[in-house]
Amino acid sequence: MFRKMAAVVVVLSLLLAVAASAQVKPVSGNRGAQWWPGEQPGKKAPNAQNSVIEGTVTKVDANYITLQTKLGELAFTVTDETRVMVRGNKAVITDVKTGDPARIEFTLAQDNSRLARAVVISQPRINGKITTLTDKGFTLTNMDTNKTWNIWLTDNTRILSHGYAGTINDLRVGYMAGVQGDENNDSINAKRVEFSPTVIKGVITQVSGDQIQVETLKKVLVTVSVDNATSILIRPRVGANIKGSFSDLKQGMPVNLGGHITGEATLKALWIDVITGGYEGGQSGPVSGADSTTIKRQ
């Protein structure tokens with residue numbers, strides 16, 4: 001009798017030890033695994049069903065296309081049902097060229113080969129810093145090569161920042177930007193401009209009227225004004241992102257936000273990402289990281 005009870009105790013002890021070792025532990029001590037909440041994990045693996053991957057075309061013919069990606073060179077089967085778009089226009093696979101930047105939507109066949117559902121070749125993108133600004137456009141300078149382009153804007157140019165739809169009045173000298181459009185030597189007639197305003201990360205400490213107060217990762221209190229044009233996105237750690245509103249902003253919520261500096265420790269929000277679902281390991285503050293933004297009066 002006692003031997004049976006002792007055996008049961010041993011088995012239960014082993015099961016508890018295995019269960020304890022299988023628990024997910026908070027991220028700590030491993031800087032490579034740390035992230036601001038909501039930014040990782042959740043991205044689909046490249047072999048998942050209905051996945052999307054981006055890269056540069058290295059080979060292409062009527063039946064196959066190969067991309068150089070962050071995960072190495074990947075091949076995809078092209079069929080009569082594969083949709084092809086080249087720089088906004090419907091095309092065929094033979095219109096795709098080696099060196100093109102591409103995004104491929106694909107599924108897995110029963111033999112684990114990748115079937116391309118859609119091949120999208122985007123407009124080339126020029127990246128740099130806005131160095132001068134006029135009422136008709138701006139100059140964009142590549143910080144690595146010092147090459148400068150003259151960017152011309154029209155009424156049809158889309159000016160965006162992380163979900164926020166803006167105008168030329170939202171551009172500032174010193175902002176980084178990416179431009180897509182028709183290039184003619186050193187000039188570009190812009191179809192799309194994506195710019196990066198001042199960005200801070202922190203936790204909401206107060207909500208009042210049309211303003212929130214955010215304590216940044218460097219423990220700086222920033223007053224942030226929000227209006228109807230501000231793009232608010234709710235980003236759960238698990239689940240799809242959804243469009244939010246000012247009423248979703250609550251004290252204690254971690255946020256990433258971008259906007260214009262309007263004064264000493266004050267900022268007008270263009271977009272706000274609200275990170276929901278808690279912190280890694282159930283902590284009450286950011287896991288790690290450094291806020292590189294210093295808020296000063298312009």
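**Exercise 1. Work out what share of the 298 residues is buried, and how the fold is built overall.**

*Solution.* Start with burial: 37% of the 298 residues in the protein are buried, where buried means under 20% relative accessible area, exposed means over 50%, and partly exposed lies in between (1.4 Å probe, protein chains only). Before going on, note that this is a predicted model, in which local features need pLDDT of at least 70, side-chain atom pairs count only at pLDDT 80 or more, and totals for chains, interfaces and linings use all residues. Residues are numbered from 1 along each chain as its sequence is written, and side-chain values use heavy atoms, with hydrogens and water left out.

Next, the surface: the protein exposes about 17,800 Å², of which carbon and sulfur atoms supply 51% (accessible areas come from the Shrake-Rupley method with a 1.4 Å probe; for residues, only the protein chains shown count as cover).

Then the secondary structure: there are one helix and 21 strands. These are DSSP runs numbered from the N terminus, with helices (H or I) of at least four residues and strands (E) of at least two.

Last, the contacts, meaning heavy atoms within 4.5 Å. Of the contacts with a separation of 6 or more, 56% are between residues 24 or more positions apart.

**Exercise 2. Find where confidence is lowest and where it is highest.**

*Solution.* The yardstick is pLDDT, the predictor's confidence in each residue, from 0 to 100. Its mean over the protein is 81, and 76% of the residues reach 70 or more. By element, the lowest mean, 44, belongs to helix H1 (residues 2-22), and the highest, 98, to strand E17 (residues 221-225).

Now look at two stretches. Residues 1-5 stay under 50 and have zero contacts beyond four places in sequence. Residues 278-294 are also below 50, but this stretch has 36 contacts in the model beyond near neighbours in sequence.

**Exercise 3. Describe the pair formed by Tyr175 and Phe195.**

*Solution.* The structure holds two aromatic pairs. Rings of Phe, Tyr and Trp (its six-membered ring) pair if their centres lie within 6.5 Å; planes under 30 degrees apart count as stacked, over 60 as edge-to-face and the rest as tilted. Tyr175 and Phe195 have 6.1 Å centre to centre and 5° between the planes, so by these cut-offs they are stacked.

Now place them in the chain: Tyr175 is in the loop between strand E12 (164-166) and strand E13 (176-184), and Phe195 is in strand E14 (residues 187-196), 20 residues apart, so the pair links distant parts of the chain. Both partners are buried: Tyr175 has a relative accessible area of 7%, and Phe195 has 3%.

**Exercise 4. Which residues surround Phe138 and Thr141 in strand E9?**

*Solution.* Take Phe138 in strand E9, which counts as buried at 3% relative accessibility. Beyond four places in sequence, its contacts include Ile130, Leu133, Trp149, Ile151, Leu171, Val179 and Val193.

Move along to Thr141, in strand E9 (residues 137-141). Thr141 is buried, at 10%. Outside its neighbours within four places in sequence, Thr141 is in contact with Gly128, Lys129, Thr131, Asn146, Lys147 and Thr148. With Thr131 there is a side chain to side chain polar contact of 3.1 Å. A polar contact is a pair of N or O atoms within 3.5 Å; within protein, one must be able to donate a hydrogen and the other to accept it, and residues adjacent in sequence count only if both atoms are side-chain atoms.

**Exercise 5. What does the side chain of Thr230 reach?**

*Solution.* First locate Thr230: the loop between E17 and strand E18 (231-236). Thr230 is buried, at 9%. Its side chain reaches the backbone oxygen of Ala269 at 2.9 Å. Beyond four places in sequence, Thr230 touches Ala269, Leu270, Trp271 and Ile272.

**Exercise 6. Compare the settings of Asn112 and His162, two residues with positive phi.**

*Solution.* Most residues other than glycine have a negative phi. Asn112 has phi near 70°, and His162 about 50°. Asn112 is in the loop between strand E6 (101-108) and strand E7 (114-121), while His162 lies in the loop between strand E11 (158-161) and E12. Finally, check accessibility: Asn112 is exposed, at 58%, and His162 is partly exposed, at 46%.
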